[in-house]
Amino acid sequence: MAKKLTAAQIAEAADQLLQSYSIGMTLPALPEACRPRNMAEAYAVQAKLVAELDIDPAGWKIGCTSAAARAILRAEGPFAGRVLAPRCFAGGTSIPSQSYPMRGIEGEFAFALAKPLKPRKKPYSRAEVLAAVEDLYPVIEIIDSRYEDWGRVTLPEIVADLGANGALVIGAPAKNWRRRDLAAIPVTMRAGRRIVGRGTGADVLGHPLEALRWLANNPPTPEGLQAGEIVSTGTCTGFYRAKEGEKIAADFGPFGTVEVRFV
């Protein structure tokens with residue numbers, strides 16, 4: 001049985017990712033000697049990386065909440081990644097293409113929390129997590145990776161790398177969303193006039209609130225979820241790799257459209 005990573009090995013893995021962030025290089029993989037082998041080690045590296053980056057976190061993204069995403073990443077269940085405050089953009093923004101070379105695009109529901117959801121022994125119910133939510137937002141998650149080919153690295157390595165979160169593009173808060181069945185809300189992704197993805201809220205663990213409940217009951221840090229954080233719940237539209245110069249729009253039906261352009 002392989003030994004657990006030491007604090008020094010966790011720090012070395014975080015430093016490898018930090019260098020990638022700092023100078024814009026990509027890695028073939030993390031060195032075997034400091035490569036996380038499970039979710040606990042992955043979250044430890046992720047937390048160390050966030051601390052070393054010294055950038056305020058804005059919340060979380062949840063990955064692999066759809067069956068298609070789990071199949072692509074060979075994951076047994078969801079995972080969480082930190083979202084950094086400087087990488088949260090308002091809908092309609094233009095972003096330099098070179099800032100996010102991978103430009104993976106996903107349409108997602110995101111919740112802003114009014115109350116904390118701290119770790120506890122008794123699992124949170126859907127009603128309890130709903131009571132902690134202030135607003136619902138339509139968002140586009142930009143997927144980006146510090147690896148040369150994220151299909152060739154392990155899932156714990158992806159999780160260590162902030163869960164492959166590059167940025168969130170956040171639309172206007174949805175109106176009257178508590179009166180609607182989020183599982184039935186259609187989401188359509190377009191690149192220019194082409195439809196490049198579609199789905200519904202049901203693609204996210206059956207309902208976006210179930211993804212939030214999963215995160216509340218499986219917190220990646222001892223502090224749990226904090227008031228004011230945003231939590232993006234996973235793709236409803238599949239994964240699309242945007243081209244340079246493309247305008248991307250995710251249409252959430254009654255909740256409006258969020259757009260981003262890569263320039």
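# A walk through a predicted model

Hi everyone, let's start with one residue: Ile 195 is found in strand S9. Before I go on, please note that this is a predicted model, where local features need pLDDT of at least 70, side-chain atom pairs count only at pLDDT 80 or more, and totals for chains, interfaces and linings use all residues. Residues are numbered from 1 along each chain as its sequence is written, and side-chain values use heavy atoms, with hydrogens and water left out.

A quick word on labels: helices (H or I, at least four residues) and strands (E, at least two) are DSSP runs, numbered from the N terminus.

Back to Ile 195. Is this residue buried or exposed, or partly exposed? With a relative accessible area of 40%, Ile 195 is partly exposed. Buried means under 20% relative accessible area, exposed means over 50%, and partly exposed is in between, using a 1.4 Å probe and protein chains only. Leaving aside neighbours within four places in sequence, Ile 195 is in contact with Thr 188, Met 189 and Arg 190; contact here means heavy atoms within 4.5 Å. Ala 249 is 54 residues from Ile 195 in sequence, and 9.5 Å from it in space, C-alpha to C-alpha.

Now let's look at the sheet around that strand. Which order do the strands take? The open sheet has 5 strands, in the order S4-S13-S12-S8-S9, and the pairing is mixed. Strand S4 (93-95) and strand S9 (194-200) stand at the edges with a single partner strand each, so one side of each is left without a neighbour in the sheet. From one strand to the next, the twist averages 20°. Two strands pair if DSSP finds at least two bridges between them. How many bridges join S8 to S9? There are 6 bridges between strand S8 (residues 186-191) and S9, and the two run antiparallel. For an example you can find on screen, take Ala 191, whose bridge partner in S9 is Arg 194.

If you follow the chain on from S9, you come to Leu 205, in the loop between S9 and helix H6 (208-217). Leu 205 has a positive phi of about 50° although it is not a glycine. It is partly exposed, at a relative accessible area of 32%. What about H6 itself? In that helix 8 of the 10 residues are buried, so it is largely enclosed by the rest of the structure. The buried ones are Pro 208, Leu 209, Glu 210, Ala 211, Leu 212, Trp 214, Leu 215 and Ala 216.

After H6 there is a loop leading to strand S10 (230-235), and Thr 221 sits in that loop. Thr 221 counts as buried at 16% relative accessibility. Setting aside neighbours within four places in sequence, Thr 221 is in contact with Trp 60 and Pro 119.

Let's turn to another pair of strands, S1 and S2. They run antiparallel, joined by 6 bridges. One pair to look for is Gly 59 with its bridge partner in S2, Val 83. Strand S2 (residues 79-84) is mostly covered, with 6 of its 6 residues buried. Between strand S1 (57-63) and helix H3 (67-73) there is a loop, and that is the place of Cys 64. Cys 64 is not a glycine, yet it has a positive phi of about 60°. Its relative accessible area is 5%, so Cys 64 is buried.

Now for two helices. Two packed helices are described by the angle between their axes and the distance between the axes. Helix H1 (residues 7-23) and helix H2 (residues 39-53) pack at an angle of about 50°, with their axes 8 Å apart. Axes are lines fitted to C-alpha atoms, for helices over the stretch in contact, and angles run from 0 to 180 degrees between N-to-C directions. H1 and H2 are therefore oblique to each other. Angles under 35 degrees count as roughly parallel, over 145 as roughly antiparallel, 65 to 115 as roughly perpendicular, and the rest as oblique. Which residues make the contact? On H1 they are Ile 10, Ala 11, Ala 13, Ala 14, Leu 17, Leu 18 and Tyr 21, and on H2 they are Ala 44, Val 45, Lys 48, Leu 49, Glu 52 and Leu 53.

Finally, Asp 161 lies in the loop between helix H5 (155-160) and strand S7 (165-170). Asp 161 counts as buried, at 1% relative accessibility. Thanks for listening!
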